[in-house]
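Dear colleague,

I am passing on the structure we spoke about, and below it you will find my notes on what turned up when I went through it. Please keep the structure open beside the text as you read.

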Amino acid sequence: MRRADRLFLIIHALRGRRTALQARSLAQTLGVSLRTVYRDVADLQLSGVPIEGEAGVGYVLRKGSDIPPLMFTASELEALVVGSRFVRAFAGTRLAESAQSALLKIEAVLPPELRERSARTRIFAPVWRDQYRDDFAALIDRLHAAIVDNQVLQLAYRDENGHASTREVEPLCLSFWGGKWTLGAWCRLRGDFRNFRPDRIDACAATQETFAETAGRDLAAYLQAVGVGKLDLG
């Protein structure tokens, strides 16, 4: 379990309690040592979370300072559930797992009636996997990581006519068009912005080079070049 998830669950476990929660009980629930619980609680206290108590006594949230749960309308919750399902179906593995984890955290603090509503949502994005889809999800993950880390990529690419070329690109963003993805990038071969379809990338390798976005060839310039004013990017 990631530390961030563990801290979230500690706060959730303390929310609304009238009696102190023993550190040993937290440790058993989280599957960690007592020392880890003591350290996590101390870090939460230092960051301003109003936890009172001490080792051997237990912990509670300070009276009158309970942290309120997230509140959503039924329609807002449905939108989150449907969005999570679409990410699981069409994005890379990394984002899919993160979307599912985020949804579980949200549902953990929902009142029962809204939690039941989320389970009854009838808009689906079925997930099925074969070797091609697994490979494509891994490619989306690599492209996403390169965007985050400003890594220069070398692509073996085929255009719509099947003509092959090798491109060195500075990846800027990924866009999903309801069926197809595109990678927006600065293409060093063409000296201009280009959109690349991941399903036409035969090979993708991260070079040892990183790039710094500069005026005229950064994300803002790309969005202007592709007419972002005509698009709703959310």
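**Notes on the predicted model**

Let me start with a single residue, N150, which lies in the loop between α7 (131-149) and β3 (151-158). Please keep in mind throughout that this is a predicted model. The phi angle of N150 is near 55°, which is a positive value in a residue other than glycine. The two elements on either side of this loop, α7 and β3, will both come back below.

**The sheet**

In which order do the 5 strands of the open sheet lie? The order is β6-β5-β4-β3-β7, and the pairing is antiparallel. At the edges are β6 (192-196) and β7 (201-210), each of which pairs on one side only. Neighbouring strands of this sheet are turned against each other by 40° on average, if direction is ignored.

It may help to walk through the sheet pair by pair, beginning with β3. This strand and β4 (residues 164-176) pair in the antiparallel sense over 6 bridges, and they form a hairpin with 5 residues between them, where G162 in the turn has a positive phi of about 85°. Two places let you find this pairing by eye: L155 stands opposite R167 in β4, and the bridge partner of Q154 in β4 is E168. As a rule, the side chains in a regular strand alternate between the two faces of the sheet.

Moving on, β4 and β5 are joined in the antiparallel sense over 7 bridges, with C173 standing opposite G184 in β5. These two strands also make a hairpin, this one with 4 residues between them, and G178 in its turn has a positive phi of about 70°.

The residue G184 appears again in the next pairing, where it stands opposite N195 in β6. Here 5 bridges join β5 to β6, and the two strands run antiparallel. Their hairpin has 4 residues between the strands, and in it G191 takes a positive phi near 65°.

**A helix on the sheet**

Which strands does α7 touch where it packs on the sheet? They are β3, β4, β5 (181-187) and β7, and the direction of α7 makes about 80° with that of β4.

The helix α7 also takes part in the largest pocket, which has a volume of about 400 Å³. Of the 16 residues that line this pocket, the closest to its centre are A89, F90, Y132, R133 and F136. The elements that give two or more residues to the lining are α4 (74-90) and α7, and α7 gives the most, with 5 residues. Sorted by class, the lining has 11 nonpolar residues, 1 polar residue and 4 charged ones.

**The helices α1, α2 and α3**

Turning to the early part of the chain, the axes of helix α1 (residues 3-14) and helix α3 (residues 34-46) come within 11 Å and cross at roughly 80°. Angles of 65 to 115 degrees count as roughly perpendicular, and α1 and α3 are therefore roughly perpendicular to each other. On the α1 side the contact is made by R3, R6, L7, I10 and I11, and on the α3 side by T36, D40, V41, D43 and L44. By class, this contact of α1 with α3 has 5 nonpolar, 1 polar and 4 charged residues.

How are α2 and α3 placed? Helix α2 (residues 23-30) packs with α3 at an angle of about 105°, and the two axes are 9 Å apart, which makes α2 roughly perpendicular to α3 by the range given above. In this contact A23, R24, L26 and A27 in α2 meet L34, V37 and Y38 in α3. These residues divide into 6 nonpolar, no polar and 1 charged.

**A separate look at β1 and β2**

Finally, strand β1 (residues 51-54) and strand β2 (residues 58-61) pair in the antiparallel sense over 4 bridges, and I51 stands opposite L61 in β2. The two strands form a hairpin with 3 residues between them, and G56 in the turn has a positive phi of about 90°.

With best wishes

Definitions and conventions
Residues numbered from 1 in each chain as written. Heavy atoms only, no water. 1 Å grid on protein atoms, 1.4 Å probe; cavity = no way out; pocket = protein on both sides within 12 Å on 5 of 7 lines; lining within 4 Å. Points joined across faces, edges and corners; volume = space filled by probe spheres on them. Nonpolar A, V, L, I, M, F, W, Y, C, P; charged D, E, K, R; others polar. Pairing = 2+ DSSP bridges. Axes fitted to C-alpha atoms, helices over the stretch in contact; angles between N-to-C directions. Contact = heavy atoms within 4.5 Å. Parallel < 35°, antiparallel > 145°, perpendicular 65-115°, else oblique.
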